[in-house]
Structure formats: structure tokens, C-alpha cells
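Good morning, and thank you for coming. I shall go through one structure residue by residue and element by element, and I ask that you keep the display in view as I speak.

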Amino acid sequence: MERPRTDIVLGMLREPDGRVWTEIRPDGRHLAGMRAFPGGKRRDDETLREALGRELAEEIGVRVRRARRLITLDWDYPDRRLRLVGFEVTSWDGPPRSMEGQVLAAEPLDRDTRGDWLAAMPPANRGLVNALVLPRCLAITPPVGAEGPIAWQAQVESGLRRLPGPMLVNLRPGAGEGEVPWPALARAVLAAGHWPVINPPGDRPCPGGLDPRVGLHLNHARLTDVSDAQVGEWQARGHLVSAAVHDRASLDRAVDLAVDLVTLSPIRSTSTHPDATGIGWSAFATLAETASMPVYALGGVGPRDLWRVWRRGGFGVASISAFW
């Protein structure tokens, strides 16, 4: 019989200038010497919000005024099973200060510094760091049409200007013929203020030599075939790695590979896959609950469904038709 999970509440204090507070765990504590977000175990008689307030008062001497639950992740150690509940804290009373002998620091966290943060923190915090950086919306490009990849590139670059706010952009040409100019297309997405994710068709490999700010996507074929060493190498270079999952088996595979985010589909049937039966919100919630990374709902959803996603433990929405 599995042991029950222990709720761990974590406060991710974000300053108005974008810096985020962390602590270096003191000697004698779990994960001593590593950077971590302040927080701790929820008591049986506490709500999650009450536990957050108590832990941050005890550890860093602040009183929380405004916090929102950002992400919930399951994580297993050999001797413990945890549920990590990350709160983004944007208002508090009192300056953060060391109450338990730990060193505190507030440092910039964004797409460009994400790799440094991940290198300094335990693997369990990867999903928390990504949740602080990733946009809530992921735009998937329409497939290459009969005009070919050059016309498709022009169509994508034109559409970038209409996307609302910084977004993840999954560059998915589909099964169209011809070579896609990946570096040029990725540069265009970056120049427009978005985060490109390369998604070659079929079992074609992800191209090498790309800017570290460019993400790499694992479709079903690549998710099945890629090694954890390859994923780790990509991540060590700074690449965001995403994966498409559809059921328990593919989600477990993504968790084993420690990818940075997943799209879970289809939630509903869509015009691009009219014969695919949607898994529905209940199944989405069941799967999202066990993920160790941000989960984006895909298939018949859009930005108006974000509240449904958040209520069911997901992080964001992904779509073609909602954005192009």
C-alpha cells in the first residue's frame, strides 16, 4: 500500500521588478546547500493558505498579503511522497529575512535566466521554476498548405503580430513536403516577443545547432524513441523540452524523461481531428494531478477555458484555431 502524499506549500515571492526570492537550505536540513523556495509541510488542521502564511512567517519573517496558487505537482523521493503546492506571492509585509540560519537572495527569473535557476535547484523544483516563467497560452501553427513551406513561413510570421501577449509558439508544419527553415523561423518568433518550440513532422529528429532559447517538442514518435540522456543534454544546453501526451502511459513516459511541459489532448473533438473522441475534463483532472510539470489542455479549448483548466490542476491552454 502506497503511503499518502504529504502536502508541501512553497512561497515564490516575486518582487515588482521580476526578481524572485529563494533560500539556500542550511546544513542539517533536507537538500542542504541547494537553492529552494521557502515553505514546508501543511499541518492536518490547516488549509493550504494557512500553512503558507505560517511557514513564510517562521522561515523568512513575512506576513503574506496576496498569493495565488500557481501550480501543484506530485514528486516522489525514495523515502517520501510529496505534493508540492506552489504559490506566487506578490504582496507581503516586512522584508524577507533569515529566521533559520539560511541565506536569502532575490534574483531575476525569466526565460534567459531559467537555466541558471534550474541548475541551482533540486529536480523537484523544475516544474515550479517553469510555472513562474511560462506563458499560460500555447499557439500551435496551422500545417503547411499546398503552397509549400516558404508560404507557410510567411503566413506564420504574419500571424505572430496578431498574437496577444508573449506566448509559446509550437511551430508544427504537419506532413507538408519541403524543408522548413527552422533557424529563420525561430528568430522571427523570438523577434516578435514569443517563445518558439520546434516540432518537426513524424519521426524526423529535432534539428541541432539552434539558439538555446528555442524549445524542442516531442510528438508521439519522438517521445517514444528519445532517451533520457538526450533530453537531459538538450535541457543542459538551455532548451525547453515539451511533449504531447494523450493517456496515462504517455504521461508517465514524459514524467520519466523529466520534460518541462506537456500538452494533454484531446479534451474535446476538433475540426482538425473530428473523429477523435475527447477525454473530457474529468480525465484531464485525473491525469494532470499526477504530473510533475505544467500541463496544457489541448483540443477544442481556448483562453476562455483557462479557469476550467486551473480548477482541474492544469496550467494553460494550447490551440490552433483560437490563435490563427
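Leaving out residues up to four places away in sequence, Leu-118 touches Arg-126, Val-129 and Asn-130. I should say at once that we are looking at a predicted model. Leu-118 belongs to helix α2, which spans residues 114-120. With a relative accessible area of 15%, Leu-118 falls under the 20% limit and is therefore buried. For a long-range reference point, take Arg-35: Leu-118 and Arg-35 are 83 residues apart in sequence, and their C-alpha atoms are 9.4 Å apart in space.

Let me turn to a pair of helices. At what angle do α4 and α5 pack? The angle is about 10°, and the axes lie 10 Å apart. Here α4 covers residues 149-160 and α5 covers residues 182-191. Since angles under 35 degrees count as roughly parallel, α4 and α5 are therefore roughly parallel to each other. On the α4 side, the contact is made by Trp-152, Gln-153, Val-156, Glu-157 and Leu-160. On the α5 side, Ala-184, Leu-185, Ala-188 and Val-189 take part. Sorted by class, this contact has seven nonpolar residues, one polar and one charged.

Staying with α5, its buried residues are Trp-182, Leu-185, Ala-186, Ala-188, Val-189 and Leu-190. What covers them? The cover includes α4, together with strands β9 (168-171) and β10 (195-198). Just after α5 comes Gly-193, which takes a positive phi of about 90°.

That brings me to the nonpolar cores. In soluble globular proteins, nonpolar side chains tend to be buried together. The largest nonpolar core in this model has 50 residues, and those touching the most other members are Leu-171, Leu-218, Trp-234, Val-259, Val-262 and Phe-284. The element that gives the most to this core is α5, with six residues. Apart from this core lies another, of 33 residues, among them Ile-71, Leu-82, Ile-140 and Ala-318.

Two members of the largest core merit a closer look. Leu-218 sits in strand β11, residues 215-218. Is Leu-218 buried or exposed? Leu-218 is buried, because its relative accessible area is 0%. Beyond its neighbours within four places in sequence, Leu-218 is in contact with Leu-223, Val-226, Val-231, Trp-234, Val-241, Ser-242, Ala-243, Ala-244, Leu-257 and Val-259. Pro-205 is 13 residues away from Leu-218 along the chain, with 9.2 Å between the two C-alpha atoms. The second member is Val-262. Residues up to four places away again being left out, Val-262 touches Ala-243, Val-245, Leu-251, Ala-254, Met-293, Pro-294, Val-295 and Tyr-296.

Next, some backbone details. Ala-258 has a positive phi of about 60° although it is not a glycine. Ala-258 is found in the loop between α8 (248-257) and β13, and with a relative accessible area of 32% it is partly exposed. On the other side of β13 (261-264), the loop leading to α9 (280-288) holds Pro-266. Which bond joins Ser-265 and Pro-266? A cis peptide bond joins them, with omega at about -10°.

Ile-279 lies in that loop between β13 and α9 as well. At 27% relative accessibility, Ile-279 counts as partly exposed. Ile-279 and Ser-265 are 14 residues apart in sequence and 7.3 Å apart in space, C-alpha to C-alpha. Not counting residues up to four places away in sequence, Ile-279 touches His-246, Leu-264, Pro-266, Ile-267 and Phe-284. Of these, Pro-266 is the residue of the cis bond, and Phe-284 was named with the largest core.

Further along the chain is Gly-316, in strand β15, residues 316-319. Gly-316 has 0% relative accessibility and so counts as buried. Sequence neighbours within four places aside, Gly-316 is in contact with Arg-136, Val-295, Tyr-296, Ala-297, Leu-306 and Val-309. Gly-316 and Ala-191 are 125 residues apart in sequence, and 23 Å separates their C-alpha atoms.

I close with the cysteines. How many disulfides does a search of the whole structure find? The search finds zero. Cys-137, at 15% relative accessibility, counts as buried. Cys-206 is likewise buried, with a relative accessible area of 13%.

Definitions and conventions: Residues numbered from 1 in each chain as written. Predicted model: local features only at pLDDT ≥ 70, side-chain atom pairs only at ≥ 80, totals over all residues. Heavy atoms only, no water. Disulfide = S-S within 2.5 Å. Buried < 20%, exposed > 50% of the residue type's maximum accessible area, 1.4 Å probe, protein only. Axes fitted to C-alpha atoms, helices over the stretch in contact; angles between N-to-C directions. Helix = DSSP H or I, 4+ residues; strand = E, 2+ residues; numbered from the N terminus. Parallel < 35°, antiparallel > 145°, perpendicular 65-115°, else oblique. Contact = heavy atoms within 4.5 Å. Nonpolar A, V, L, I, M, F, W, Y, C, P; charged D, E, K, R; others polar. Core = buried A, V, L, I, M, F, W, Y, C linked by side-chain atoms within 4.5 Å.
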